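Please read the following report alongside the sequence and the model. It takes up the cysteines, then the nonpolar cores, then one helix.

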Amino acid sequence: MPKHNNNQRKIQAGGKYNGKKKLNKKRLIRFALILCALFFLVSVSATYFVVSAYLADVPEWDPERLLPSQTSFMYDRDGVLISRLLGAQNRTSVELSQISPNLINAFIAIEDARFYEHPGLDIRGIMRAAYSNLFRSSGPLQGGSTISQQLIKNAFFDPRDRTMRRKIQELYLTFRLEQMFTKDEILSMYLNFIFFDFNAYGVEAATQTYFGKSSREVTLAEAAILAGIPNLPGRYSPWRNIDEAKSRQGLVLSRMVDLGMITEEEASKAREEELVLLERPEQMMPFPWFSLQVLEDAHNILAGTSQFATLSAGEIWKVLYGGGLHIYTTLDREKQAFIEKTINNDALYPRIRNDEHLPPVQAAVIVAEPSTGHIVAMSGGRDHDPETNGMNRAIRGQRPPGSTLKPILAYAPAFNEGIASPGSIIDDAPGDWGGFRPTNYTPRKYNGLVTNRYSLLRSLNLPAVRLFQQLGIAKGKEYAKRMGITNLPPGNELGIVLGGGGDGYSVHEVAQAFAVLANEGVRTDLVTISKITDSEGKIVYENKQKGEEVLSPEAAWLTTDVLKDAVLRGTAAGVRIGRPLAAKTGTSDLSRDVWLAAYTPDYVTVFWLGRDRWPDKTTAGNFSSGRHTNPFMNPILKFIHRELPTRDFTRPGGLVKVTVCTKSGLRPSPHCPPEQIASDWFLSSNVPTQICKIHVELEICTQSGLLAGPFCPENVREKRVFLNRPPFITTTNLWRGGAGLRPADAALMPPSRVCPLHTFRPGMPQNFEAAVSEGGNVTLTWTAVSNARGYFIYRKNPGSNSFDLLNELETAQLSYTDSGLTPGHYSYQVLAISKEGVASERASISVTVQDLLQQPQTQPPEDYSETTPVNGNGNRNNNGNNRN
């Protein structure tokens, strides 16, 4: 076949193939269109169902929510106004015609350039903002929300809610807004609604707050500054960050130029204009420590009421600041002012050497009425500043309390349980509890057996630990929790009673606990608010506490009586205010924190001083609970009581005052030394009836200082009273105070050994004879006694019942002549004295002087007694009539 024909066939074949391909393309396009239609229908249906679901719980349309909120008010305890929360000075509604055109244009330029063109939702603006944010490498992010949307968001929603549900609901309500109001009405509501920081709401309040002029009078530069604030008030306020504020101002001016609202020349002039701001408000409400805490408490109160329980946290804050509420507080403004002045007095703070690298010393205090629970004053620190020093240390500070909580965790509960009394005994001796070896504040001193009164007023650590152990750790923690200590650490560590373990405690907690003691054992929760009413005077909340009895009145009074002693002669002796006062001091480890909890029947006052943080675990604080707390507390306590009559704590019935031995806690025996006898209070059911047995009288040898043996001479025997205290351990190098320490009263214990100096009695002189000669002379003779150093001779005269010593000094001779005797019957005795001074038994003989008749006696006469005591020379006395 010719070549040409072959090519022709190929072309024809190719032609047939192209025709089929075109047919397939049409089918593919038709199929794709069907798929797109189906996808569109599914998407529309899904979108419809999603949007319908989101709109099911859309907030009810309420145009009144678009109106400026009502001012809320805060009052002191006497009903005198403290502060307006969003009062007239903070929000003044103005008509759009009363606002500077530059200010209106500045807001439109930066917030919603097409405000008068879109129906509430600006699709073009959203796409422009998305493109700009996606492809621009620098500059601020742009938003797509219109002014209408922002108004709806602030009026109906929590601004922190950024979910898709909230966005859909926001759009729905935005369209409702646009249908109901004109653009000028919407813009007017917006400009009167927005927040400018420092409690200024609306453009009129903002211009007055920052520049001291009306919104009609602001310059272009001022208008641009103000328009830049609402986006991030905490960042763009010129009082907080002037550089950020000026940068934002430049952006506003540039937008106004782009939109033709102003010329570039006007913008440049505005950028160069020097801003004249008013002086920054130091605080927007009086007494910030107290007032801000009132707002926190009010928020919590409202959240717990049925009326506001369904509101979010943000909505409740809106109610507080703009719900027309009247909040009646417990504040005593005079006491609050004095406390703030005292805490802010730099001259009262300690000057610690080489502390320049440490945070400043801070303090916190709370004053409350124990019977009502009303906090009348508080300070959370010195020099309040909302940005740099706004944490209320009295409420949120968590610091180690040292010994402050000993009466809360141990003593008051033990008194209440009946296992201890102020006059009962606890041992201040070294102890080791599985490696826990506490020492006293003075680590080398242990007092030994002491009363609970003494241990608490002197704040001794070892007795507190032992009493806490006797009570039971869980029981002590249970009492402390019921009294108001909420931040107790977990576990069963004995060191809790000394302030160890956990994160520490707040001044508020400690004040709550000590208020129970001041209120006769009844807990009344501390509060800052007595009543809240709505704008129509209806009561929203009223504090009506009944109180809970945690301690018996007797246990509370016993603890208080001991803590009164702490002021008179204990660790709190530097606190003197001229009236009955109970107090407990506390110092944390390394002396980093010092506390003083003091109370009268009228007020409980708790004070803390220390630093917020420390650079490491070893730096010492060098604070003293007396020296550094008293300069604050003495003036505070005197001021708050200055107009009150002097009152003492009422002693309840059921208490008995009993004289006890302060070493045994029992009734004194004849052997208890007078200095160890005292009177103290006991529950009538807990009065000691037994007699002290640990004071014992024993005879010792004065030469050896040990227990007298059977051969110790009478002249070296002496009866002494000793303390037979319980066993104890002696410290080793594992103790902080060092080795070899033991309780001080161990020195009063009796010796355990018998005298080794006097171990035998010499034999009785033998061959004792008497020879009578003329002239009434009697010569006595005897044989020598082994190991005797000398002899004493005694005579009984006619008609006498006792023997008299004849030789003042012992004689080494073996004979003695008694001369010049008158006629009559005489009796003689002789005894030997050993080298150690021990006397032998006596040999006796009788004679008659007239007839010279000897009558030797091998047995002692009837009137001789072997138990006759030895005189001062080592001789036996006869009925106390001898000369020595």
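## Cysteines and packing

Taking a disulfide as a pair of cysteine sulfur atoms within 2.5 Å, the count comes to zero disulfides. This is a predicted model, in which local features need pLDDT of at least 70 and side-chain atom pairs count only at pLDDT 80 or more, whereas totals for chains, interfaces and linings use all residues. Residues are numbered from 1 along each chain as its sequence is written, and side-chain values use heavy atoms, with hydrogens and water left out.

Two cysteines are set out below, where buried means under 20% relative accessible area, exposed over 50% and partly exposed in between (1.4 Å probe, protein chains only).

| Cysteine | Closest cysteine sulfur | Relative accessible area |
|---|---|---|
| Cys661 | 3.8 Å, in Cys672 | 0%, buried |
| Cys672 | 3.6 Å, in Cys692 | 7%, buried |

The sulfur of Cys661 does not form a bond with that of Cys672 because 3.8 Å is too far.

A nonpolar core is a set of buried Ala, Val, Leu, Ile, Met, Phe, Trp, Tyr and Cys residues joined through side-chain atoms within 4.5 Å. In the largest one, of 90 residues, Leu302, Ile408, Phe514, Leu517, Ile532 and Tyr599 touch the most other members. Helix α20 (residues 507-518) gives the most to this core, nine residues, helices (H or I, at least four residues) and strands (E, at least two) being DSSP runs numbered from the N terminus. Apart from this core lies another, of 57 residues, including Ala106 and Ile110.

Both Ala106 and Ile110 are among the buried residues of helix α2, a helix spanning residues 101-111 in which eight of 11 residues are buried.
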